[in-house]
Amino acid sequence: MCGIVGYVGDGQASDILVRSLKRLEYRGYDSAGVATCYQNRLFVEKDSGKIEEINNKLGLDTLPGHVGVAHTRWATHGAPTKVNAHPHTDCTNTIAVVHNGVLENFMQLKKELTDLNHTFVSKTDTEVIPHLVEEGLRAGESVEQAFLKALRKLEGSYALAMISTSEPDKLYAARKEAPLIIGVGKGFNMVASDITALLDMTQEMVFLHDRDMAVISKDSYRIIKIDTGEGVERPVKTVAISVETAEKQGHPHFMLKEIYEQPQTLRDSLRLQQQYLDLLAELLDKGRVIFLVGAGTSYNACLAGSYQLSQLARLPSFPVIASEFIPNYGSSLGADTVVLAVSQSGETADVLTALDFARMRACTILGLTNTVGSTLTRVARAYILQNSGPEIGVAATKTFTSQVLVLAQTALRLARLRGKIAQFEMDEFKTELLKIPRIVEEVLMKTSVKVKELAKALMSKPFIFILGRGISTSTAYEGRLKIMELSYIPCIAYPAGESKHGPISVIEESVPVVFVVPPDEYRKLNIGSIMEMKARGAYAVVLGDEADSELMELADFYIGLPKTHPLLTPITYAVPFQLIAYHLAVMKGYDPDKPRNLAKSVTVL
Ligand code: F6R
């Protein structure tokens with residue numbers, strides 16, 4: 001997501017901050033900015049574009065002063081424009097804030113502050129923070145009190161850094177569900193969302209805990225628990241690692257880092273802007289024919305979404321591979337057609353071509369994307385952001401699980417709107433949605449050894465067969481895509497019921513067949529398929545419930561997974577596939593971050 005840095009010390013803050021920002025470029029960003037404090041004045045420069053270009057144009061690194069904050073933005077609320085770039089300031093232009101995270105209640109806070117005559121200039125959630133602090137200062141509070149009080153009003157995730165002309169020798173920082181580290185130096189202290197931003201300056205670091213706030217000056221710092229206001233000590237650690245290792249947060253590849261980031265990205269994907277979710281549900285409800293359109297992994301998410309829409313909201317839809325949309329359905333589109341396009345990048349040519357065609361025929365275009373300001377966000381009548389942050393590995397991992405989670409929330413909203421399921425069912429599903437980040441954490445913990453063993457067993461196989469039934473068909477397809485694109489082992493994936501209509505003929509002694517068998521209504525039928533394949537000599541790998549002893553017994557290799565709602569299993573069951581694919585690639589000596597012949601965003605037809 002966004003990168004933040006703060007500095008207070010003897011040096012020129014802006015120069016040091018810009019160098020640190022450049023260390024954060026690898027995370028991906030669309031805009032950048034710096035604010036410093038000098039002689040009781042705030043200096044702020046920011047814009048969209050690359051740091052070097054903005055710096056050449058605006059002289060970010062020439063701002064005066066010994067205290068400052070800086071930011072690289074990956075847009076979540078509001079397009080990637082100059083006005084939405086951080087730092088954000090208050091009405092008096094004396095407080096500057098940079099933020100990484102998503103604030104859930106910013107609309108409500110914005111309304112309250114607007115009623116108190118605060119003026120907002122951006123579309124961001126962050127801008128409420130300097131205004132909340134300003135409100136406290138107006139009431140006679142100290143900066144520290146006002147900051148603490150503001151933090152207690154924020155719902156959602158944040159890593160924050162703030163400066164104020166009222167206390168020009170201090171830097172304020174806080175974190176909740178987003179990392180934040182103090183860099184301890186001689187004659188200076190810093191704060192950053194990422195240790196890479198600090199490594200050039202110091203190796204002595206203090207890792208703030210969740211709901212910690214810090215008051216930092218050049219020679220000292222204090223840490224305070226946000227909830228109780230009491231002071232707390234956190235140990236200083238020496239971090240002696242290379243910038244390259246730090247960028248991957250200790251993981252050997254970005255892909256692995258992104259797989260392990262999923263509990264957090266899923267948490268952020270539960271923090272959707274409710275008014276857009278409502279709008280999406282309303283517009284989907286108005287359609288006579290609904291298409292879910294995507295390519296690659298995003299198509300697999302569409303497939304999962306179509307089961308969710310049908311089973312929760314009783315709304316049938318057509319999941320379509322983007323490049324097949326016009327040939328198959330082009331002649332049947334009309335004003336009563338709704339096309340929900342799913343695209344991480346929002347720039348995939350096959351998707352955009354389908355949308356252009358649909359738009360010309362007066363269809364309603366909706367979007368689900370990870371990229372604010374992408375073409376998809378411009379052509380869609382309404383769109384929703386999945387909040388997964390930039391994905392550097394070419395293979396989609398965290399963005400797939402978030403897409404499925406957002407589609408599940410859309411289906412639930414639609415179910416409520418259409419009055420199609422009982423209140424208790426909705427409540428149950430909502431509870432399961434909220435549990436997903438924790439369950440994925442569990443999956444990562446429980447499967448880490450097994451997936452490696454399995455990758456070893458599969459490594460020399462000439463091909464792999466994957467089967468699922470119901471919504472698990474989408475999991476099987478996504479497993480196939482991950483394994484194939486990273487390990488280059490050909491894979492076949494089928495709905496299990498279809499396998500007997502032809503594909504079963506490829507089965508012979510020790511052919512690996514991976515079955516996706518969550519504890520849903522199809523479990524018994526799946527057991528039949530496993531028997532069928534085993535009878536023909538298949539090596540049966542089963543992904544099933546961790547307590548399912550019958551399946552365990554039947555399988556040649558078993559990966560047990562914690563329970564969730566059947567419609568959410570594409571999220572939890574996709575994770576072991578991601579890990580298997582990753583380990584297969586590494587064991588075979590391939591680079592999992594850059595599979596051959598592939599690009600992150602396919603902008604050609
Ligand atoms: C697979 C993968 C691709 C993309 C596809 C669509 O791991 O990353 O299959 O899913 O190229 O990209 P978006 O979602 O950007 O439209």
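1. Pro87 sits in the loop between strand 4 and strand 5 of this predicted model. The peptide bond that joins His86 to Pro87 is cis, with omega of about 0°. Most peptide bonds are trans. This linkage therefore merits mention in a review of the backbone geometry.

2. His88 belongs to strand 5, which comprises residues 88-89. Is His88 buried or exposed? Its relative accessible area is 1%, under the 20% limit, and His88 is therefore buried. Two polar contacts involve its side chain: a polar atom of the His88 side chain lies 3.1 Å from the backbone oxygen of Asn84, and the side chain of Thr124 is reached at 3.5 Å. With neighbours within four places in sequence set aside, the residues in contact with His88 include Lys46, Val83, Ile95, Ala96 and Val97. Ser122, Thr124, Thr126, Glu127 and Pro130 are also among the contacts of His88.

3. Helix 4 covers residues 128-138, and eight of its 11 residues are buried, so the rest of the structure largely encloses this helix. The buried positions are Val128, Ile129, Pro130, His131, Leu132, Val133, Glu134 and Gly136. Which elements do these residues pack against? They are strand 5, strand 6 (95-100), helix 3 (106-115), helix 5 (143-153) and strand 7 (158-164). Pro130 thus appears both among the buried residues of helix 4 and among the contacts of His88. Just after the helix, Gly140 adopts a positive phi of about 90°.

4. Helix 1 spans residues 13-23, and its buried residues include Ala13, Ser14, Ile16 and Leu17. Val18, Ser20 and Leu21 of helix 1 are likewise buried. The cover over the buried residues of this helix includes strand 1 (3-9), strand 2 (31-38) and strand 4 (67-73), together with helix 2 (51-58) and strand 10 (188-192).

5. Arg234 is placed in the loop between strand 14 (231-232) and strand 15 (236-238). Its relative accessibility is 15%; the limit for a buried residue is under 20%, so Arg234 counts as buried. The Arg234 side chain makes polar contacts with two other side chains: that of Asp212 at 2.8 Å and that of His209 at 3.2 Å. Beyond its neighbours within four places in sequence, Arg234 is in contact with Val206, Phe207, His209, Asp212, Ile223 and Lys225.

6. Ala322 lies in helix 11, residues 322-329. At 3% relative accessibility, Ala322 counts as buried. Apart from residues up to four places away in sequence, Ala322 touches Val293, Gly294, Ala295, Asp350, Val351 and Ala354. The C-alpha atoms of Ala322 and Val342 are 9.6 Å apart, and the two residues are separated by 20 residues in sequence.

7. Two loop residues that are not glycine deserve attention for their phi values. Most residues other than glycine have a negative phi. Gln249, in the loop between helix 6 (243-247) and helix 7 (254-260), has a positive phi of about 45°. Ala362, in the loop between helix 12 (349-360) and strand 19 (364-369), has a positive phi of about 65°. Gln249 is partly exposed, with a relative accessible area of 46%, and Ala362 also counts as partly exposed at 46% relative accessibility.

8. Pro519 occupies the loop between strand 23 (512-517) and helix 17 (523-535). Its relative accessible area of 36% makes Pro519 partly exposed. With residues up to four places away in sequence left out, Pro519 touches Asp545, Lys563 and Tyr573. Pro519 and Gly28 are 491 residues apart in sequence, and their C-alpha atoms are 39 Å apart.

9. For the chain as a whole, the secondary structure comprises 19 helices and 25 strands. The radius of gyration is 25 Å, close to the 25 Å that the globule rule gives for 605 residues, so the chain is as compact as a globular protein of that length. The C-alpha trace spans about 80 × 55 × 45 Å along its principal axes. Buried residues account for 61% of the 605 residues. Of the contacts between residues at least 6 apart in sequence, 71% join residues at least 24 apart.

10. The accessible surface of the protein chain is about 22600 Å², and carbon and sulfur atoms contribute 51% of that surface. The chain carries 64 positive and 69 negative side chains, and the centres of these two sets are 2 Å apart.

Conventions. Residues are numbered from 1 along each chain as its sequence is written. This is a predicted model: local features need pLDDT of at least 70, side-chain atom pairs count only at pLDDT 80 or more; totals for chains, interfaces and linings use all residues. Side-chain values use heavy atoms; hydrogens and water are left out. Helices (H or I, at least four residues) and strands (E, at least two) are DSSP runs, numbered from the N terminus. The radius of gyration is taken over C-alpha atoms; the globule rule is 2.2 Å times the number of residues to the power 0.38. Buried means under 20% relative accessible area, exposed over 50%, partly exposed in between (1.4 Å probe, protein chains only). Contact means heavy atoms within 4.5 Å. Accessible areas come from the Shrake-Rupley method with a 1.4 Å probe; for residues, only the protein chains shown count as cover. Lys and Arg count as positive and Asp and Glu as negative; His and the chain ends are not counted. The place of a charge is taken as NZ of Lys, CZ of Arg, CG of Asp or CD of Glu. A polar contact is a pair of N or O atoms within 3.5 Å; within protein, one must be able to donate a hydrogen and the other to accept it, and residues adjacent in sequence count only if both atoms are side-chain atoms.
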